[in-house]
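Thanks for coming. I will go through one model today, from an annotation to the overall fold and then to a single residue.

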Amino acid sequence: MTDALRPMTRQRLYEQVIERLRQYAAEGGLRAGDRLPAERELAQRLGVSRASVKQALVVLEVQGLVEARHGGGTYLVRDSLDAEPVEKMVERRRRLPEVLEAREALETKLAELAAERRTEDDLDAMRSALALMAEEIERGGSGTEGDRLFHAAVTAAAHSGLLAEFMRSLTHQIAESRTESLRQPGRPARSLAQHRAILDAVAARQPRQAATAMRRHVRTVAKVRLLDWDPDTP
């Protein structure tokens with residue numbers, strides 16, 4: 001059934017602030033590393049409260065578009081402030097905990113089986129994925145493709161057709177959780193290090209250690225600002 005006729009929602013004031021900031025960045029030619037005006041100045045120029053400005057900046061920060069530097073203002077992380085609609089964030093926030101629960105249950109077992117069943121070709125695929133992830137991070141990216149390939153290689157190394165089918169059924173949801181995690185400050189390098197720990201345990205044929213390393217990794221993935229964000233709380 002379509003949800004196109006779901007009840008209308010009134011746009012929050014801070015959503016209007018986000019749109020104004022997007023226009024300001026675009027018209028001013030702002031790029032990654034440029035600083036936005038201070039909250040007080042933005043509030044005065046837009047004719048809104050500082051609370052509304054702060055809420056807008058939090059949404060942009062949760063999406064990885066800006067970063068707040070302690071005592072030093074707010075800076076663009078990317079070359080635009082093209083933000084995801086707030087309602088989409090709300091929906092993603094609602095389903096993310098269940099996705100992360102499923103990932104922990106499935107991928108912990110997959111890592112354990114991979115340590116028992118992996119072949120040299122499986123290890124080569126994992127190493128290749130991590131090499132790509134390291135290159136992506138070195139170039140300033142988040143390592144998303146290398147991350148995807150690594151988890152796919154672990155799944156393949158488990159040699160369990162049914163578990164692999166379960167993982168394929170969650171492809172879209174897992175991709176969302178991956179993107180959300182890797183946009184957290186410092187997360188790409190941390191995830192890469194955790195992937196290497198998983199690989200070491202799989203290569204050493206240590207099922208318990210592999211499962212523990214994967215569980216630790218997925219619980220790190222679960223630590224995202226989106227889950228701490230409340231769209232209706234100033």
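Which residues does the UniProt annotation "coiled-coil region" cover? According to that record, an unreviewed entry, the residues are 96-123. Keep in mind that what you are looking at is a predicted model. In this model the span 96-123 is 93% helix and 0% strand. The C-alpha atoms at its two ends lie 30 Å apart.

Now the chain as a whole. The protein chain has 10 helices and two strands. In sequence order the pattern reads α-α-α-β-β-α-α-α-α-α-α-α, which places the two strands between α3 and α4. Along the principal axes, the C-alpha atoms fill a box of roughly 65 × 45 × 25 Å. There are 234 residues, and 42% of them count as buried. Taking contacts with a separation of 6 or more, 73% are between residues 24 or more positions apart.

Next, the core. How many residues are in the largest nonpolar core? There are 28, and the members that touch the most others are L21, L60, L81 and W229. Helices α1 (13-27), α2 (39-46), α3 (50-62) and α4 each supply at least two residues of this core. The largest share, six residues, comes from α3.

Back to α4, which runs over residues 86-117. One of the helices it packs with is α7, residues 161-169. The angle is about 145 degrees and the axes are 11 Å apart. The crossing is left-handed. Which residues meet there? From α4 we have L106, E107, K109, L110 and L113, and from α7 we have L163, F166 and M167. By class, the residues of this contact are six nonpolar, no polar and two charged.

Last, one residue: E180, in helix α8, residues 171-182. Is E180 buried or exposed, and why? E180 counts as buried because its relative accessibility is 1%, and the cut-off for buried is under 20%. Leaving aside residues up to four places away in sequence, E180 touches V62, R92, L96, V224 and L226. For a distance in the other sense, take T212: E180 and T212 are 32 residues apart in sequence, and their C-alpha atoms are 22 Å apart in space.

That is the end of the tour, and I can put any of these regions back on the screen.

Notes: Residues are numbered from 1 along each chain as its sequence is written. This is a predicted model: local features need pLDDT of at least 70, side-chain atom pairs count only at pLDDT 80 or more; totals for chains, interfaces and linings use all residues. Side-chain values use heavy atoms; hydrogens and water are left out. Axes are lines fitted to C-alpha atoms, for helices over the stretch in contact, and angles run from 0 to 180 degrees between N-to-C directions. Helices (H or I, at least four residues) and strands (E, at least two) are DSSP runs, numbered from the N terminus. A crossing is left-handed if the near helix is turned anticlockwise from the far one by less than a right angle, and right-handed if clockwise. Contact means heavy atoms within 4.5 Å. Ala, Val, Leu, Ile, Met, Phe, Trp, Tyr, Cys and Pro count as nonpolar, Asp, Glu, Lys and Arg as charged, and the others, Gly among them, as polar. UniProt positions are given in the numbering used here, feature names are shortened, and annotations may be inferred rather than shown by experiment. A nonpolar core is a set of buried Ala, Val, Leu, Ile, Met, Phe, Trp, Tyr and Cys residues joined through side-chain atoms within 4.5 Å. Buried means under 20% relative accessible area, exposed over 50%, partly exposed in between (1.4 Å probe, protein chains only).
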